Amino acid sequence: MTGNADIVVVGGGILGCAAALRLAEGGMKPLLIEAGDVGQGASGVNAGTLSLQIKRVGLMDYALRGHREWESYGPAVGFRRTGGYTLAFTDSEADLLHARQRLKREAGAPIEFVAPATLAAAEPGLSDRVVAASFCPLDGDANSSLTGRFFRGRLREAGIPVHESAPVRALRRTGDGFAVETSGATFAAPRLLLAAGAWLKPLAAMLDVDLPVHARVNTVTVTERTAPLIGSVIGHATGLLTMKQKANGSILVGGGWQGRGTPQEGRGEALAESVAGNLALASFVLPALGAVRIVRSWTGFEAHVPDFYPLAGALPCVPNVFVLGCVRGGYTIGPYIGRLMGDFILGREPELPLFDPGRPFPEPS
């Protein structure tokens with residue numbers, strides 16, 4: 001049994017890595033274990049969208065600070081600030097767009113409404129049927145496939161031991177802390193941080209805690225490389241579309257269309273009907289996309305709880321165990337809320353409030 005760590009962090013996504021780095025900065029000796037490869041779960045398979053227009057109002061302060069973290073990482077994560085437009089094509093969609101974006105603007109996001117003619121001048125390839133549009137100059141994206149390499153390098157620089165391909169088989173309390181049994185070794189520490197995304201529920205269950213964690217199976221599609229068609233992040237008022245063209249010419253299309261599968265079964269499966277629906281909407285918004293070939297589609301698990309706010313704090317009823325996950329918009333917010341979690345474990349007052357995992361949740365309808 002290896003027991004020279006102050007805390008074992010279970011989960012090598014953005015959240016777990018950011019928290020581990022903050023803990024090391026504060027003088028703790030974290031050890032990180034990951035079931036697969038660092039940054040290759042939800043943190044590495046999402047569309048990389050860094051849009052404030054699609055963040056929840058109650059999380060806007062966290063998103064703004066998280067966005068600044070990504071910008072500070074720069075080319076190492078493929079950060080780009082392109083600006084972004086969110087579009088409405090009917091009067092009801094326009095009402096929805098104005099209602100949502102006004103609230104987000106009041107929460108601090110620099111969102112403005114633009115006339116269709118202004119949009120057409122900036123993005124001439126978009127449909128001419130737009131009736132309303134909003135714009136945020138901070139919107140952009142990063143390359144999520146670089147997540148693992150970036151954070152693995154930072155963990156190495158900080159001297160944090162990392163054990164990959166180490167799925168947890170058991171968690172148990174010991175006389176002076178906890179033992180984490182993996183497929184190849186057992187690690188001991190006086191504290192635990194569970195930051196394993198969609199796998200939080202079975203991990204907490206090993207400690208007799210039932211977390212109301214569910215998983216969405218989001219789908220992303222990438223096209224072949226093509227001539228420049230759009231220069232901004234493009235979204236839809238309903239939230240059912242995100243689209244951006246990468247520097248290499250490929251176009252990434254997402255929007256939360258669902259695939260099939262569960263975290264316990266392994267990787268999810270893209271569904272033809274979801275991909276077709278997502279691409280139909282994308283082609284309506286960007287007509288030239290209809291002539292571009294699709295290369296592949298894939299899925300990633302997005303964890304959430306009934307109120308759709310994060311879990312970030314002490315695990316209920318189990319002293320010295322902490323939980324971090326279920327962050328909607330976690331790609332944007334992750335680096336910042338991971339830092340807050342590190343401060344909390346270090347005994348510091350976090351800059352912004354955390355989200356008690358023991359709070360009451362609404363009953364399923």
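How many bridges join strand S13 (residues 192–194) to S20, and do these strands run parallel or antiparallel? I began my notebook with this pair, and I found three bridges between S13 and S20, with the two strands running parallel. I note at the outset that I am reading a predicted model.

**Entry: the open sheet**

I followed S13 and S20 outwards and found that they belong to an open sheet of six strands, whose order is S9-S2-S1-S13-S20-S19 and whose pairing is mixed. Strand S9 (162–163) and strand S19 (311–314) stand at the edges with a single partner strand each, so one side of each has no neighbour in the sheet. I then looked for a residue pair across S13 and S20, and I saw that Leu194 stands opposite Val323 in S20. As background I wrote down that strands of a sheet pair through backbone hydrogen bonds, either parallel or antiparallel.

**Entry: the nonpolar cores**

Next I asked which residues have the most contacts inside the largest nonpolar core. This core has 48 residues, and the ones with the most contacts inside it are Trp70, Leu193, Leu324 and Ile337. The elements that give it two or more residues are strand S1 (7–10), helix H1 (14–25), helix H3 (60–73), helix H6 (147–157), strand S20 (321–325) and helix H9 (330–345). Apart from this core I found another, which has 33 residues, Phe178, Ala189, Ala204 and Val318 among them. I added the general remark that in soluble globular proteins nonpolar side chains tend to be buried together.

I went back to Leu193 and listed what it touches, leaving out residues up to four places away in sequence. Among the residues that Leu193 touches are Ile7, Val8, Val9 and Val10, and the list also includes Ala19, Phe322, Val323, Leu324, Met341 and Ile345.

**Entry: Leu171 and the hairpin**

Is Leu171 buried or exposed? I located Leu171 in strand S10 (residues 168–174), and I found that Leu171 is buried because its relative accessible area is 5%, where the limit for buried is under 20%. Leaving aside neighbours within four places in sequence, Leu171 is in contact with Ala179, Val180, Leu192, Leu194, Leu203, Met206 and Leu207. I checked one of these residues by its backbone position, and the C-alpha atoms of Leu171 and Leu203 are separated by 7.5 Å, although the two residues lie 32 residues apart along the chain.

Val180, which is in contact with Leu171, led me to the next pair of strands. Strand S11 (residues 177–182) and strand S12 (residues 186–189) run antiparallel and are joined by four bridges, and a hairpin of three residues connects S11 to S12. The bridge partner of Val180 in S12 is Phe187.

**Entry: the cavity and a pocket**

How many cavities of 30 Å³ or more does a search of the whole structure find? I recorded one, and the volume of the largest cavity is about 30 Å³. Its lining consists of Thr49, Ser51, Ile54, Tyr85, Thr86, Asp139, Val233, Ile234, Gly235 and Thr242. Strand S5 (84–88) and strand S15 (233–236) each supply at least two residues of that lining, and S15 gives the most, with three. By class, the lining of the largest cavity has four nonpolar, five polar and one charged residues.

I then turned to the second largest pocket, which holds about 370 Å³ of space. It is lined by 20 residues, and those that lie nearest its centre are Asn143, Ser144, Ser145, Lys246 and Leu252. Helix H2 (42–45) and strand S18 (294–304) are the elements that give two or more residues to this lining, with S18 giving the most, three residues. I sorted the lining of this pocket into eight nonpolar, eight polar and four charged residues.

**Entry: two positive phi values**

Most residues other than glycine have a negative phi. I therefore noted Phe308, which is not a glycine and yet has a positive phi of about 60°. Phe308 is found in the loop between S18 and S19, and it counts as partly exposed at 30% relative accessibility. Asn320 also has a positive phi, of about 70°, although it is not a glycine. I placed Asn320 in the loop between S19 and S20, where it is partly exposed, with a relative accessible area of 42%.

Terms used
Residues numbered from 1 in each chain as written. Predicted model: local features only at pLDDT ≥ 70, side-chain atom pairs only at ≥ 80, totals over all residues. Heavy atoms only, no water. Core = buried A, V, L, I, M, F, W, Y, C linked by side-chain atoms within 4.5 Å. Buried < 20%, exposed > 50% of the residue type's maximum accessible area, 1.4 Å probe, protein only. Contact = heavy atoms within 4.5 Å. 1 Å grid on protein atoms, 1.4 Å probe; cavity = no way out; pocket = protein on both sides within 12 Å on 5 of 7 lines; lining within 4 Å. Points joined across faces, edges and corners; volume = space filled by probe spheres on them. Nonpolar A, V, L, I, M, F, W, Y, C, P; charged D, E, K, R; others polar. Pairing = 2+ DSSP bridges.
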